[in-house]
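Subject: A structure for you to look at

Hello,

Here is the structure I promised to pass on to you. Please open it beside this email and look up each residue as you read.

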Amino acid sequence: MSKHLAKTVKIALVGTSIAIGCSAMAQTTPNHVYQVVENVKAELTEMHKATISEPCKTNVNLTERRPRHVLQKTREVYGDVQKLRKLKGLDENALPSFSVRAVTPADVRGLADKTLADVKEVREKSGASAPAAVPLPSGKKPTDVYANLMQVKASIGGLGIPATVPNDVYRVALAIVSDIEKIRAAKGVTVAVADPAPSKGKAPKDVYGVAYKLLGKVKALTEKDGYGIPGGVVMLNKVSGCITPAEVIDILNNILAEVGAIKVTVGATAATEFAGAQSGKTPSDVYDALVKAEALVDSL
């Protein structure tokens, strides 16, 4: 075979592999995403066996979730994985940017694959045994994947990473405010919205309350002409009893998913921005950011 012909064949094969890869991702279903998440959980299970530890307890009580919510939960879990990597002396990886578009199972799988790769490195460094690969399940829905991600988060928590704190939650609150500002810009809304007077002494339950109220306002916004999103806003089963920053960051990520879908509807093009690591934040700081987000929604 001539060098020219060999090069031509190589290019053709590469092109074919890319096409097959793109086709495979295009055909991704919640079953495939669930499989990846199960493999993540299997890696963590082996680490628990090696360290004689157990996952934290978690309570799964979900309304229906869609791919956009699952992507946000995967982002949250990815952040926890980076904490685990830091704890084990590995480099932390940045959260990949996501352009403004409707979220598909393939998008979720892409981040889930990165999560699996990062967890596998931790497991290998810890010396724990490699788990058996998990077979492809059937009949899974986005809600099933979301529930499984909650189990993964609980498993990571049992390996000694720092618990979710207001500094973590505040980053998501800022992202919500920023994305609502992007919606206002896309709709040409320029009316000024003042920052609220600083609050004091707020507890996570207070922050959860204002977050749930904000979710309701976002739902009402999507019922106006020009703001509708596929399937509408999903209201969560309201958490009662002891509320921690972990419950707050969960609802905020769901709000961020809904706001991201509105960005697609109104034609906003700037990707969601997450502020850098925060320090010294309290539930009151998060509360104030969410009150600001409410006022911004009210201006639309």
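A residue is called exposed when its relative accessible area is over 50%, buried when it is under 20%, and partly exposed in between. Please keep in mind that this is a predicted model.

Let's start with a pair where those words are useful. The side chains of E223 and K219 form a salt bridge, with 3.8 Å from N to O. Is E223 buried or exposed? Its relative accessible area is 58%, so E223 is exposed. Its partner K219 has 28%, so K219 is partly exposed.

Now compare that with E258 and R68, whose side chains also meet in a salt bridge, at 2.7 Å from N to O. This pair links distant parts of the chain: E258 sits in helix α8 (residues 245-266) and R68 in helix α3 (residues 67-87), 190 residues apart. E258 counts as buried because its relative accessibility is 0%. R68 is buried too, with a relative accessible area of 9%.

A further salt bridge joins the side chains of K182 and E273, at 2.7 Å from N to O. K182 belongs to helix α6 (residues 166-187), while E273 is in the loop between α8 and α9 (283-298), so this salt bridge ties together parts that are 91 residues apart in sequence. Here the two partners fall into separate classes: K182, at 13% relative accessible area, is buried, and E273, at 49%, is partly exposed.

Salt bridges can also join up into a network. One such network links K73, E76, D80, K153 and D250. How many salt bridges does the count come to? The count comes to 21 salt bridges.

Finally, have a look at helix α7 (residues 204-222). With 19 residues at 1.5 Å a residue, α7 should span 27 Å, and its end C-alpha atoms are indeed 27 Å apart, so the two values agree. Which residues of α7 are buried? They are V207, Y208, V210, A211, Y212, L214, L215, V218, L221 and T222. When you read along that list, it helps to know that an α-helix has 3.6 residues a turn, so residues three or four places apart point the same way. As for what covers the buried residues of α7, the elements include α6, α8 and α9.

Have fun exploring, and send me any questions that come up!

Best wishes

Definitions and conventions
Residues numbered from 1 in each chain as written. Predicted model: local features only at pLDDT ≥ 70, side-chain atom pairs only at ≥ 80, totals over all residues. Heavy atoms only, no water. Salt bridge = Lys/Arg side-chain N within 4 Å of Asp/Glu carboxyl O. Helix = DSSP H or I, 4+ residues; strand = E, 2+ residues; numbered from the N terminus. Buried < 20%, exposed > 50% of the residue type's maximum accessible area, 1.4 Å probe, protein only. Expected span 1.5 Å × (residues − 1). Contact = heavy atoms within 4.5 Å.
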